[in-house]
Amino acid sequence: MPVLLFLGDIVGQETIDMITLHLARIRTEWGIDWVVANAENAANGSGITPAQFRKLRDAGIDGITLGDHALRKREIAKILDQESTICRPANFPPDAPGRGWAMAKSPSGEVLYFTAVLGRTFMKPVDCPFRALDLILAQPVQNPWLVDIHAEATGEKVLLGQWLDGRVGAVLGTHTHIATSDEGILPKGTAYITDVGMSGPSIGVLGRRFDSILPSVLTGVQQPFEVARGNIVLCGALIEVNRISGLADSIKRMRIPLG
Ligand SMILES: [Fe+2]
Ligand SMILES: [Fe+2]
């Protein structure tokens, strides 16, 4: 059965450089057919630039999802409109650039569609993720196999996962940057995890430097939160895709230290 590696929030340029160095080896080691990654924190922790999009694609990332930071770099709008391998959240306003679904093509040419939605609990207001997903799943073709649920609240993510059980192959959480240990196959066959964790500098605060955050908290004087460096770890999930059932055979939580 083909294998999908999904990576959580890619933070910063250093992580992209490390992915460029190591992804081919990781793909071979685990027999990976597709790599899909959430890259909403690529551009210095917020958004993604067109150059970073191309670098990730060249490094072997087949498909890219985004989250609440999707449009922080406005120059990505053109890429979102033109490229079929990157999507912004499906429940953004209807006039947002790009689409709410995209595709990843394996080296052997097999296509896997994916989508992403934002949660609404403890997050900025967006359209209803349930209705957005219903619309996307009603498409006669290009039906997403993977749903990235980019949300803060665990309860909202679990609810989305159970609601999607049996309708898609995998429902994988991002946004909190911290992995949860609840990975498994839901009763109707969908692979699920509340959050896969981030791909980025593991020493720091969710990818930012401890010493750039603490003074703002202690004094109330705002200062930029700088992206941390070093100790890059890729967090994600490895999923066996069952093309016959359209569901998943297994899910394994991944934590790949790159140094
Ligand atoms: Fe993030
Ligand atoms: Fe996010």
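## An enclosed strand, β7

In this predicted model, strand β7 is largely enclosed by the rest of the structure, because five of its five residues are buried. A residue counts as buried here if 20 or more other C-beta atoms lie within 10 Å of its own. The side chains of a regular strand alternate between the two faces of the sheet. In β7, the residues Ala170, Leu172 and Thr174 are buried on one side, while Val171 and Gly173 are buried on the other, and both faces of the strand are therefore covered.

The partners of β7 can be named as well. Five bridges join β7 to β6, and the two strands run parallel; within this pairing, Val147 stands opposite Val171. Strand β7, which spans residues 170-174, is also joined by three bridges to β9, residues 191-193, and this pair is parallel too. Here Val171 stands opposite Tyr192.

## The sheet and the helices packed on it

Where does β7 sit in the order of the open sheet? The sheet has six strands in the order β4-β5-β6-β7-β9-β8, and its pairing is mixed. At the edges are β4 (101-105) and β8 (184-185), each of which pairs on one side only. Helix α4, residues 129-137, packs on the sheet and touches β4, β5 (111-118) and β6 (146-150), with a direction that makes about 160 degrees with that of β5. Helix α5, residues 154-164, lies across β6, β7 and β9, and runs at about 170 degrees to β7.

## Leu118 and Leu146

Leu118 belongs to strand β5, and Leu118 counts as buried because it has 26 C-beta neighbours inside 10 Å. Apart from neighbours within four places in sequence, the residues in contact with Leu118 include Gly67, Asp68, Pro89, His150 and Ala151. Pro129 is also in contact with Leu118; although the two are eleven residues apart in sequence, their C-alpha atoms are 6.5 Å apart in space.

Which residues touch the most other members of the largest nonpolar core? They are Phe6 and Leu146, in a core of 71 residues. When neighbours within four places in sequence are left aside, Leu146 is in contact with residues that include Phe6, Val36, Leu112 and Phe114, as well as Ala170 and Leu172.

## Helices α1, α2 and α6

Helix α1 has a kink of about 50 degrees, centred on His22. Its buried residues are Gly12, Thr15, Ile16, Met18, Ile19 and Leu23, and what covers them includes β2, α2, β10 (200-201) and β11 (232-242). Just after α1 comes Gly31, with a positive phi of about 60 degrees.

In an α-helix, residues three or four places apart point the same way, because there are 3.6 residues a turn. In α2, residues 50-59, the buried residues are Gln52, Phe53 and Leu56. Seen down the axis of α2, these buried residues fall within an arc of 105 degrees, so they line one face of the helix. The face turned away from this buried side carries the exposed residues Arg54 and Asp58. Among the elements that cover the buried residues of α2 are α1 (12-30), β2 (34-38), β3 (63-65) and α3 (76-82). After α2 comes Gly60, whose phi is positive, near 110 degrees.

Is helix α6 enclosed, or does it lie largely in the open? Of its ten residues, 210-219, the number buried is zero, so α6 lies largely in the open. Gly220, just after α6, takes a positive phi of about 80 degrees.

## Positive phi outside glycine

Most residues other than glycine have a negative phi. Gln142, which is found in the loop between α4 and β6, nevertheless has a positive phi near 55 degrees. Because Gln142 has 14 C-beta neighbours inside 10 Å, it counts as partly exposed.

His175 lies in the loop between β7 and β8, and His175 also has a positive phi, of about 100 degrees, although it is not a glycine. Is His175 buried or exposed? His175 is buried, because 25 other C-beta atoms lie within 10 Å.

Notes. Residues are numbered from 1 along each chain as its sequence is written. Chains are lettered from A and ligands numbered from 1 in the order in which they are written. This is a predicted model: local features need pLDDT of at least 70, side-chain atom pairs count only at pLDDT 80 or more; totals for chains, interfaces and linings use all residues. Two strands pair if DSSP finds at least two bridges between them. Helices (H or I, at least four residues) and strands (E, at least two) are DSSP runs, numbered from the N terminus. Two residues are in contact if their C-beta atoms, placed from the backbone, lie within 7 Å. Axes are lines fitted to C-alpha atoms, for helices over the stretch in contact, and angles run from 0 to 180 degrees between N-to-C directions. A residue is buried if 20 or more other C-beta atoms lie within 10 Å of its own, exposed if 12 or fewer, and partly exposed in between; C-beta atoms are placed from the backbone. The arc is that of the directions from the helix axis to the C-beta atoms. The bend at a residue is the angle between axes fitted to the seven residues ending there and the seven starting there. A nonpolar core is a set of buried Ala, Val, Leu, Ile, Met, Phe, Trp, Tyr and Cys residues joined through C-beta atoms within 7 Å.
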